[in-house]
Amino acid sequence: MKPDIPPVILAARGTPLTRHTEIIASWQNVGMTENAVNTAVTSASSPAIPAETSAVPPATRTANRPLGTPLGKHPTRVLFLGAGELGKEVTLELMRLGAWVCAADSYAGAPAQQVAHEYRALDMANAAELQALFDEIKPDIIVPEVEAIATDVLAGAAAAGAQVVPSAEIAAICMDRERLRVLAHEELGLPTTPYRFAGSLEELHAGASEVGYPCVVKPVMSSSGHGQSVVRSADAIDAAWTEAQEGRRAADEGDVSRVIVEALAPLERELTVLTVSSSAGIVTCAPIGQRQESGDYRESWQPATEPDGEAERARDIARTAVEGLVAKAQATGETGWGVFGVELFVLTDGSILFNEVSPRPHDTGMVTMTSQRLSEFALHARAILGLPITPEHVALTIPAGSVAASHAIVVAGDGEAEFTDVAAALAGPGTDLRIFAKPEVHGHRRMAVALAVGESEADARAKAGRVADALTITVE
């Protein structure tokens with residue numbers, strides 16, 4: 001049963017509105033003072049996006065990197081900042097192509113560290129430690145896989161000649177919901193929910209009253225639901241402000257986080273559109289459906305079941321968002337190459353809204369390990385090395401009419417997680433499994449993913465679920 005939520009107001013200029021006309025008239029005003037992004041952040045408004053953004057040639061210094069001699073005289077050196085399960089898959093793909101890889105994370109034994117040529121453990125949000133790592137490794141390519149990174153050091157590395165994936169500028173924008181929303185809606189004209197930004201409790205009260213209740217409050221510099229609240233009345237605004245400050249990532253840094261408050265959309269479902277920027281231009285994958293719990297991915301399936309025309313509308317929004325980001329990168333002399341996970345809302349009336357962008361492979365995209373010609377990890381590896389990605393590379397390879405699904409396996413406990421009964425779990429046709437080999441779990445942690453191909457979405461999801469259920473997982 002769907003909650004009784006008033007119709008959302010589409011945020012793209014020129015979109016017909018159903019209610020709160022006076023709010024949106026103000027919200028669309030370019031001169032909104034309390035929400036204006038600091039001019040130092042949005043310095044020199046972004047250049048117009050050329051009609052053929054995706055055809056802009058790459059920087060020559062990254063177009064033809066030497067491969068095949070990772071231990072030789074002229075290796076292409078890739079440094080991962082973040083070494084989780086997604087980074088592990090990209091590391092393997094890069095090594096298959098002959099690149100040298102070092103995987104860094106905040107702890108030793110992370111999944112990608114187990115397969116890379118070398119690894120390091122450090123606090124990547126510490127500018128001095130990160131700079132020392134760059135000075136030691138001297139990477140040709142830097143691949144941020146997490147958000148807790150000293151972005152000023154990342155920008156310095158790009159200025160010094162390293163290729164940051166997809167770019168230092170894009171990484172900074174996508175870490176900041178304020179900059180990303182301004183780019184998506186106010187510069188690119190993409191439809192979003194109504195929103196306001198606030199830097200104090202008083203501004204949050206005012207912003208929430210303008211977008212209306214119910215609304216969602218999020219820190220601008222966090223992710224994966226951290227510090228996020230659904231607010232249904234003004235009485236809960238104070239608690240939402242506190243949660244945004246204390247529940248966000250990097251809450252221990254002591255500063256006050258700005259927040260975004262946006263109308264709660266009458267959500268039907270969510271989609272991810274993996275979008276790849278490469279030396280050949282920009283291509284999009286078939287939309288991926290998903291199920292979340294507490295803001296975290298639990299299941300995904302591809303292609304998502306959709307009414308006529310929805311897939312193309314979703315892909316158009318994703319392509320426009322990535323074109324805008326790539327234009328920012330290219331304006332600063334960077335490539336903007338790599339995989340982007342563009343997150344979209346599908347509303348109960350069929351409208352599609354832009355939500356956020358992850359400038360790296362997406363957890364819902366793990367389904368592509370069984371659905372596509374190249375997985376999102378292989379696509380990312382090829383794109384960042386300067387290799388062209390075309391529609392053929394992102395094509396579905398499952399039988400026509402069938403669906404692929406992934407099922408996250410979240411383990412609870414305290415200690416090492418040991419998997420047995422794997423043979424029984426994989427006894428069914430069209431199934432697969434990836435065990436991430438994370439060293440320990442404390443509380444709840446995603447430790448593996450089950451994959452399956454079925455005759456329908458329901459069949460594929462059920463098969464992947466049976467793989468997960470058949471496993472015996474012991475934590476000790």
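Helices H7 and H8 cross in a right-handed sense. In this predicted model, H7 spans residues 201-211 and H8 spans residues 237-246, and the two pack at an angle of about 125° with their axes 10 Å apart. An angle between 115 and 145 degrees belongs to neither the perpendicular nor the antiparallel class, and H7 and H8 are therefore oblique to each other. If you would like to find the meeting point on screen, look for Leu201, Leu204, His205 and Ala208 on the H7 side. Their partners on the H8 side are Ile237, Asp238 and Trp241.

A second helix pair is worth a visit. H4 and H5, the latter made of residues 168-175, pack at an angle of about 160°, and their axes are 9 Å apart. Because angles over 145 degrees count as roughly antiparallel, H4 is roughly antiparallel to H5. The crossing here is left-handed. From H4, the residues that make the contact are Thr151, Leu154, Ala155 and Ala158, while H5 contributes Ala168, Ala171 and Met175.

Stepping back, these helices belong to a chain with 13 helices and 20 strands. Of its 476 residues, 54% are buried. Contacts that reach along the sequence are also part of the picture: among contacts between residues at least 6 apart, 65% join residues at least 24 apart.

Just before H4 in the chain comes a loop that begins after strand E4 (141-144), and this loop holds Glu145. Is Glu145 buried or exposed? Its relative accessibility is 11%, and since buried means under 20%, Glu145 counts as buried. Setting aside residues up to four places away in sequence, Glu145 touches Phe80, Leu81, Gly82, Leu86, Gly87, Arg360, Pro361 and His380.

Glu145 also appears in an unreviewed UniProt entry, where the annotation "binding site" covers Glu85, Leu86, Glu145, Asp363, Lys438, Arg445 and Arg446. Another residue in that annotation is Asp363, found in the loop between strand E15 (352-358) and helix H10 (368-371). Which residues does Asp363 contact, beyond its neighbours within four places in sequence? They are Leu86, Tyr297 and Arg446. Leu86 and Arg446 are themselves covered by the annotation, and Leu86 is in contact with Glu145 too.

Next, turn to His117, in the loop between strand E2 (100-105) and strand E3 (118-121). With a relative accessibility of 29%, which falls between the 20% and 50% cut-offs, His117 counts as partly exposed. Its C-alpha atom is 5.5 Å from that of Val101, although the two residues are 16 residues apart along the chain. Val101 is also one of the residues that His117 touches, along with Pro70, Leu71, Met95, Ala99 and Trp100, when residues up to four places away are not counted.

Our last stop is helix H13, residues 457-470. Its 14 residues reach 20 Å from the first C-alpha to the last, close to the 20 Å expected at 1.5 Å a residue. The buried residues of H13 are Glu457, Ala460, Lys463, Ala464, Gly465, Val467 and Ala468. What do they pack against? The partners are strands E13 (296-302), E16 (403-415), E18 (431-435) and E19 (441-454), together with helix H12 (422-425).

Conventions:
Residues numbered from 1 in each chain as written. Predicted model: local features only at pLDDT ≥ 70, side-chain atom pairs only at ≥ 80, totals over all residues. Heavy atoms only, no water. Helix = DSSP H or I, 4+ residues; strand = E, 2+ residues; numbered from the N terminus. Expected span 1.5 Å × (residues − 1). Buried < 20%, exposed > 50% of the residue type's maximum accessible area, 1.4 Å probe, protein only. Contact = heavy atoms within 4.5 Å. UniProt positions renumbered as here; feature names shortened; annotations may be inferred. Axes fitted to C-alpha atoms, helices over the stretch in contact; angles between N-to-C directions. Parallel < 35°, antiparallel > 145°, perpendicular 65-115°, else oblique. Left-handed = near helix turned anticlockwise from the far one by under 90°.
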